[in-house]
Amino acid sequence: ASLDQNFLNLMRFDFVLWDAQTKYMKNVVVRFEGATYVAIRENTNVEPVGNFDDWFPIGLPGVASSYLNAPTSGTLNASYNTVPFDTEYHAPVGMTLDLNASTFSFQYRGLWDLTVFVSLEHDSSNDGRTFRMRLFNVTNNEPLGTGTVVGVGRNQEATNVTAPVRFLIATTEVDDVIRLEAGGGDSFLSVEWENVSLDFTQVSS
């Protein structure tokens, strides 16, 4: 049977815990560190995490959540700057949050969803202004997509943003350092990040 067909019939497999001494045949399904994998080919003593030639991750569990614990001063102008977070609420198998650098990385290729909630205070202006929020691959020094444009109305001293972002992590981008950035627009003064919340979910492998 094809790998795709086996995905449709997962309930018919016996799930076993991965063991280094066990010889696994093609299409055997195992559990390892809270995630589920199916063997692509016969293998022995090959850990499932990150070994895409031998194992394919399926149904990675959980949602990763991080947030900003205390208000933080920032910069918002034509340059892009890191959106801060400093506290981990929950991290699923497959990604790592660096709370000191406000960055994250992924141990699996696949399609991911990120839901961003940001609340920030800033100076008011007689004119409407805009800025952009985007994901940036620090390792490759290039953005992941074009990002989301945020509009701020006249005379507003605060902005709340809720934005869903869907992005793809390619095999070559596994373990790359990524951050959320804001900028690429007008200049704001007296910027204070009041609340930042990031929720990650893997959509597919």
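A contact is defined here as a pair of heavy atoms within 4.5 Å. By that criterion, residues 24 or more positions apart account for 65% of the contacts in the protein with a separation of 6 or more. The structure is a predicted model, in which local features need pLDDT of at least 70 and side-chain atom pairs count only at pLDDT 80 or more, whereas totals for chains, interfaces and linings use all residues. Residues are numbered from 1 along each chain as its sequence is written, and side-chain values use heavy atoms, with hydrogens and water left out.

**Confidence and overall architecture**

The pLDDT, the predictor's confidence in each residue on a scale from 0 to 100, averages 83 for the protein, and 85% of the residues score at least 70. Over residues 1–13 the pLDDT is below 50, and this stretch makes 14 contacts in the model beyond near neighbours in sequence. One helix and 18 strands make up the secondary structure; these are DSSP runs numbered from the N terminus, with helices being H or I of at least four residues and strands E of at least two. Of the 205 residues, 40% are buried, a class set at under 20% relative accessible area, with exposed over 50% and partly exposed in between (1.4 Å probe, protein chains only).

**Strand pairing around β13**

Strands are taken to pair if DSSP finds at least two bridges between them. Strand β13 runs antiparallel to β16, with twelve bridges, and antiparallel to β18, with eleven bridges. Ser 119 stands opposite Asn 160 in β16 and opposite Asn 195 in β18.

**Nonpolar cores**

A nonpolar core is a set of buried Ala, Val, Leu, Ile, Met, Phe, Trp, Tyr and Cys residues joined through side-chain atoms within 4.5 Å. The largest such core has 32 residues, of which Phe 104, Phe 131, Met 133 and Phe 200 touch the most other members. Two or more residues each come from β11 (95–98), β12 (103–106), β13 (110–121), β14 (129–137), β15, β16, β17 and β18 (188–204). Strand β18 gives the largest share, six residues. Apart from this core lies another, of eleven residues, among them Trp 18, Phe 52, Trp 55 and Tyr 108. Leaving aside residues up to four places away in sequence, Met 133 touches residues including Val 83, Val 116, Val 161 and Leu 180.

**Aromatic and charge–ring arrangements**

Rings of Phe, Tyr and Trp (its six-membered ring) pair if their centres lie within 6.5 Å; planes under 30 degrees apart count as stacked, over 60 as edge-to-face and the rest as tilted. The whole structure contains nine aromatic pairs. One of them joins Phe 106 and Trp 112, tilted at 55° between the planes and 4.6 Å centre to centre. Both Phe 106 and Trp 112 are buried, and they belong to one aromatic cluster with Phe 85, Phe 104, Phe 167 and Phe 200.

A charge sits over a ring if NZ of Lys or CZ of Arg is within 6 Å of the ring centre and within 35 degrees of the ring normal. Arg 134 lies over the face of Tyr 80, at 3.5 Å from the ring centre.

**Non-glycine residues with positive phi**

Two loop residues are set out below.

| Residue | Phi | Loop | Relative accessibility |
|---|---|---|---|
| Asn 155 | about 60° | between β15 (142–152) and β16 (158–169) | 44%, partly exposed |
| Asp 175 | about 75° | between β16 and β17 (178–183) | 48%, partly exposed |
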